[in-house]
Amino acid sequence: MKPAAFVYHGARSIDEAVALLASHGDDAKLLAGGQSLVPMMNMRLAQPRHVIDINNIAQGDAIALDGDRLVLGALVRHEAVARSALVRTRCPILAAAAASIGHYAIRTRGTLGGSLAHADPAAQLPLIMTLLDAALEARSVRGSRMVGAAQFFTGVFATALAPDELLTTVQVPCLPTGAGWGFRLMSRRVGDFAIAAAAATVTLDTDGGIDTVRAALGGVEATPVSLGGLGAAQRGHSPDRAWSAALAKSFVAARQPLDDPRVPAVYRRELAEVLLTRALDDAVVRARGGSP
Ligand SMILES: Cc1cc2nc3c(=O)[nH]c(=O)nc-3n(C[C@H](O)[C@H](O)[C@H](O)COP(=O)(O)OP(=O)(O)OC[C@H]3O[C@@H](n4cnc5c(N)ncnc54)[C@H](O)[C@@H]3O)c2cc1C
């Protein structure tokens with residue numbers, strides 16, 4: 001199919017893009033990698049009257065280190081995240097998650113900002129941003145604001161972005177020194193969207209007990225969900241297989257999994273528990289200096 005007719009605008013700066021958004025608001029869509037927007041337009045699920053191409057915004061795809069945070073431009077392609085030496089060293093779980101997205105062709109076009117704004121519940125990058133408590137910068141002609149990942153994702157394909165806002169950068173906390181991480185997903189075929197995914201980070205104290213633990217699930221509820229306050233209660237625990245299984249079980253028990261004829265809630269719950277147990281196990285192995 002072909003998209004409905006639209007007016008194409010090529011924005012060369014953030015100011016130009018937000019001015020165009022301010023003029024066209026609800027009638028406009030930003031075009032980043034086009035890997036979600038273009039299929040939706042072709043199927044007429046989206047029929048924007050104005051398409052604002054942001055691919056030529058200078059420095060929109062920069063990756064930098066600012067203290068203990070990575071600052072990634074919204075236009076960074078998934079493949080660039082996966083290959084970046086900086087990301088691989090300072091936040092390897094983000095690089096691994098990006099490398100698992102779709103196929104190579106998708107990863108070379110799809111962007112970080114596009115994935116976050118699209119907010120597919122099963123997408124890898126929203127999950128990692130939720131796990132790590134990333135801060136997302138939204139710009140409009142009204143100014144700039146930072147939104148925490150926990151507040152950014154509001155539902156299936158829904159975010160806190162206003163129609164005139166553009167995601168410009170994402171600040172991702174680097175993993176603490178010595179942190180181990182685990183990322184597991186299940187999809188029917190390699191390259192398909194995940195049915196569910198789990199991510200975890202663990203740091204150990206000097207006695208080898210749990211110091212900190214973070215965990216999050218994607219594809220289970222309408223938005224990624226993180227372990228939140230449960231983490232502190234784990235301090236000092238000896239992280240063996242029983243520990244990870246029990247933690248995964250209690251976290252997943254509190255979830256209300258999505259239910260559809262293709263993937264019933266009962267299956268999604270079991271899957272999430274297995275994936276999270278394995279992600280926690282992997283994180284512990286890496287925190288001990290091993291390789292899962
Ligand atoms: C075959 C296939 C398999 C895929 N598999 C996966 C997968 O396994 N995991 C996964 O996570 N994704 C997958 N994707 C989606 C892919 O990651 C997309 O790249 C991503 O969802 C959207 O990014 P994009 O840059 O292409 O955005 P676009 O398609 O250009 O835009 C998507 C939406 O975001 C908005 N938008 C884009 N950039 C911004 C911005 N900076 N600020 C505000 N709004 C913005 C657009 O207006 C549009 O509404 C797959 C896609 C395909 C076609």
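Two strands are taken to pair if DSSP finds at least two bridges between them. In this predicted model, that condition is met by strand β4, spanning residues 63-66, and strand β5, spanning residues 69-73, which run antiparallel and are joined by four bridges. Within this pairing, Leu65 stands opposite Leu70 of β5. The two strands form a hairpin with two residues between them, and in this hairpin Gly67 adopts a positive phi near 65 degrees.

The ligand is located in the largest pocket of the model. Secondary-structure elements that contribute two or more residues to the shell around the ligand are β2 (28-31), α7 (112-118) and β10 (166-173), and the greatest contribution comes from α7, which supplies five residues. The residues around the ligand number 30, of which Leu30, Gly34, Leu37, Thr111 and Gln124 come nearest. When the shell is divided by class, 14 residues are nonpolar, 14 are polar and two are charged.

Contacts between polar atoms of the ligand and the protein involve both backbone and side-chain atoms, as the following distances show. An oxygen atom of the ligand lies 2.6 Å from a backbone N or O atom of Leu30, whereas a nitrogen atom of the ligand lies 2.7 Å from an N or O atom in the side chain of Gln124. In addition, an N or O atom in the side chain of His78 is found 3.0 Å from an oxygen atom of the ligand. Taken alone, the ligand would expose 970 Å², and 88% of that area is buried by the protein.

Definitions and conventions:
Residues are numbered from 1 along each chain as its sequence is written. This is a predicted model: local features need pLDDT of at least 70, side-chain atom pairs count only at pLDDT 80 or more; totals for chains, interfaces and linings use all residues. Side-chain values use heavy atoms; hydrogens and water are left out. A residue is near a molecule or strand if one of its heavy atoms lies within 4 Å of it. A polar contact is a pair of N or O atoms within 3.5 Å; within protein, one must be able to donate a hydrogen and the other to accept it, and residues adjacent in sequence count only if both atoms are side-chain atoms. Accessible areas come from the Shrake-Rupley method with a 1.4 Å probe; for residues, only the protein chains shown count as cover. On a 1 Å grid over the protein atoms alone, a cavity is a set of points where a 1.4 Å probe fits but cannot get out, and a pocket is an open set with protein on both sides within 12 Å along at least five of seven lines; lining residues have an atom within 4 Å of a point. A molecule sits in a cavity or pocket if more than half of its atoms lie within 2 Å of its grid points. Ala, Val, Leu, Ile, Met, Phe, Trp, Tyr, Cys and Pro count as nonpolar, Asp, Glu, Lys and Arg as charged, and the others, Gly among them, as polar.
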